[in-house]
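Q: Please take a close look at one part of this model. I would like to follow a single helix and its surroundings, then see how that part sits in the whole chain.

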Amino acid sequence: ATFTALDDRRAAAAVAQTLGILAVTLWAAASVWTWWIVLPAIVIVATQQHALFVLAHDAAHYRLFSRRGLNEAVGRLMGSAAGISMCSYRVIHRLHHNHLYGEVDPDIALHGGYPRGKAYLLRKIGTDLAGLTAWKTFRYFFGAPAANAATDVAQRPLDDTSPALRAAARRDRWGVVAFHVAAPLACFAIGGWSGLAKYLVLWVLPAVTVLQAILRVRAIAEHGAPTDKRSPLRAARTNLPGPLARWVLFPHHVNYHIEHHLFPAVPHYRLPELHAALASRGVLSGGEVRTFPETWRRVYARRAA
């Protein structure tokens, strides 16, 4: 009960942190509008779009705010800004938790099969940075994840849920579309063609390039090259990152992934405490708890013969 208790002030602080960094970065880049400001701004915006994903993930688990209406409103808004349907993701994500590494796990297409060698991973990250995989990501978050390559099982999770959740997902998807029609129109109305160009460069470009690489690397760090797919202590991985990796890949304590799979009712801001409690009791002994460099070397390795 201690670990699952929701604290609205801590949730609000996390939301304010992400939105504040975004606001300052976008304001600075749009005001100065020179390449030496715009290029780092694109990277920073992508990291904070990723942070929006993580907070929407907490909301999808009903773990952001204690009041259900506030949880849904903030979760949908952050998801919409990042281009995802939080309510559709809620339905998809249950399959990942309930069937980790099973044939209906919708995330295997992203993290399965590692290690595959250095060239394969770099090629995949290159296609992400080129914007060639973004459509797959947004298709996933709209409720149509890719088929499991090993079994060719098509994923249609929205067909296997309650009418109420299907209706909520449908409304939310239209909300995402409305947001991304209104945003460029608003930028054009305020700043003309220059305003529209800034929106495309500072919001759309990070979302379809740098963000895609971040999502891939984090997914692989969490589940790639596991030591035992049958055990939740080994099929998921807790990463212990340095400051830079934490900023880019693991915002809002998302690195504590074993803990999240064992206890998904624990909100993100209590995961460090949960990690310490589990470690002190020996629960994590033998589990996939690694520094990020150790994880990277593992997923970067040559494919086993």
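A: What follows starts with helix H2, moves to its neighbours and ends with the whole chain.

The model is predicted. Helix H2 covers residues 35–60. Two of its residues make good entry points: His50 and Ala56.

Take His50 first. Is His50 buried or exposed? Its relative accessibility is 0%. The cut-off for buried is under 20%, so His50 counts as buried. Which residues does His50 touch, leaving aside those up to four places away in sequence? The list runs Leu211, Ile214, Leu215 and Arg218, then Val248, Leu249 and Pro251.

One of those partners, Leu249, deserves its own look. Leu249 sits in helix H11, residues 243–249. At 8% relative accessibility, Leu249 is also under the 20% cut-off, so it counts as buried. The contact with His50 appears in the list for Leu249 too. Beyond residues up to four places away, Leu249 also touches Ile214, Val217, Arg218, Val254 and Phe292. Ile214 and Arg218 therefore appear in the contact lists of both His50 and Leu249. Arg218 is worth a distance check. Its C-alpha atom is separated from that of Leu249 by 5.8 Å. Along the chain, Leu249 and Arg218 are 31 residues apart.

Now move along H2 to Ala56. Ala56 has 0% relative accessibility and counts as buried. Its surroundings are Gly75, Met78, Gly79, Ile84 and Met86, again not counting residues up to four places away in sequence. Gly75, Met78 and Gly79 fall within the range of helix H3, residues 68–82. For a longer reach, compare Ala56 with Ala207. The two are 151 residues apart in sequence. From C-alpha to C-alpha they are 16 Å apart in space.

Next come the loops on either side of H2. Trp33 lies in the loop between helix H1, residues 8–32, and H2. Its phi is near 55 degrees, a positive value in a residue other than glycine. Trp33 has a relative accessible area of 34% and is partly exposed. Tyr62 lies in the loop between H2 and H3. Its phi is also positive, near 60 degrees, and it too is a residue other than glycine. With a relative accessible area of 26%, Tyr62 is partly exposed. Thus the H1–H2 loop holds Trp33, the H2–H3 loop holds Tyr62, and H2 holds the buried His50 and Ala56.

Another loop has a backbone feature of its own. Where is Pro115? Pro115 is in the loop between helix H5, residues 108–111, and helix H6, residues 118–129. The peptide bond from Tyr114 to Pro115 is cis. Its omega is near 5 degrees.

Two other helices give partly exposed alanines. Ala197 is in helix H8, residues 163–208. At 32% relative accessibility, Ala197 counts as partly exposed. Its C-alpha atom is 33 Å from that of Arg90, with the two positions 107 residues apart along the chain count. Ala279 is in helix H13, residues 271–280. Ala279 is partly exposed, with a relative accessible area of 42%. Ala279 and Leu22 are 257 residues apart in sequence and 35 Å apart in space, C-alpha to C-alpha.

Cysteines come next. Cys87 is buried, at 2% relative accessibility. Cys187 is partly exposed, with a relative accessible area of 25%. How many disulfides does a search of the whole structure find? It finds zero.

Finally, step back to the whole chain. There are 14 helices and two strands. The radius of gyration is 19 Å, close to the 19 Å that the globule rule gives for 305 residues, so the chain is as compact as a globular protein of that length. Along its principal axes, the C-alpha trace spans about 55 × 45 × 40 Å. Of the 305 residues, 49% count as buried; His50, Ala56 and Leu249 are among the buried residues. Of the contacts between residues at least 6 apart in sequence, 72% join residues at least 24 apart. The exposed area is about 14,300 Å², and carbon and sulfur atoms supply 64% of it. Side-chain charges number 34 positive and 18 negative. The centres of the two sets lie 4 Å apart.

Terms used
Residues numbered from 1 in each chain as written. Predicted model: local features only at pLDDT ≥ 70, side-chain atom pairs only at ≥ 80, totals over all residues. Heavy atoms only, no water. Helix = DSSP H or I, 4+ residues; strand = E, 2+ residues; numbered from the N terminus. Rg over C-alpha atoms; globule rule 2.2 N^0.38 Å. Buried < 20%, exposed > 50% of the residue type's maximum accessible area, 1.4 Å probe, protein only. Contact = heavy atoms within 4.5 Å. Areas by Shrake-Rupley, 256 points an atom, 1.4 Å probe, with all protein chains shown as cover. Lys, Arg positive; Asp, Glu negative; His and termini not counted. Charge placed at Lys NZ, Arg CZ, Asp CG, Glu CD. Disulfide = S-S within 2.5 Å.
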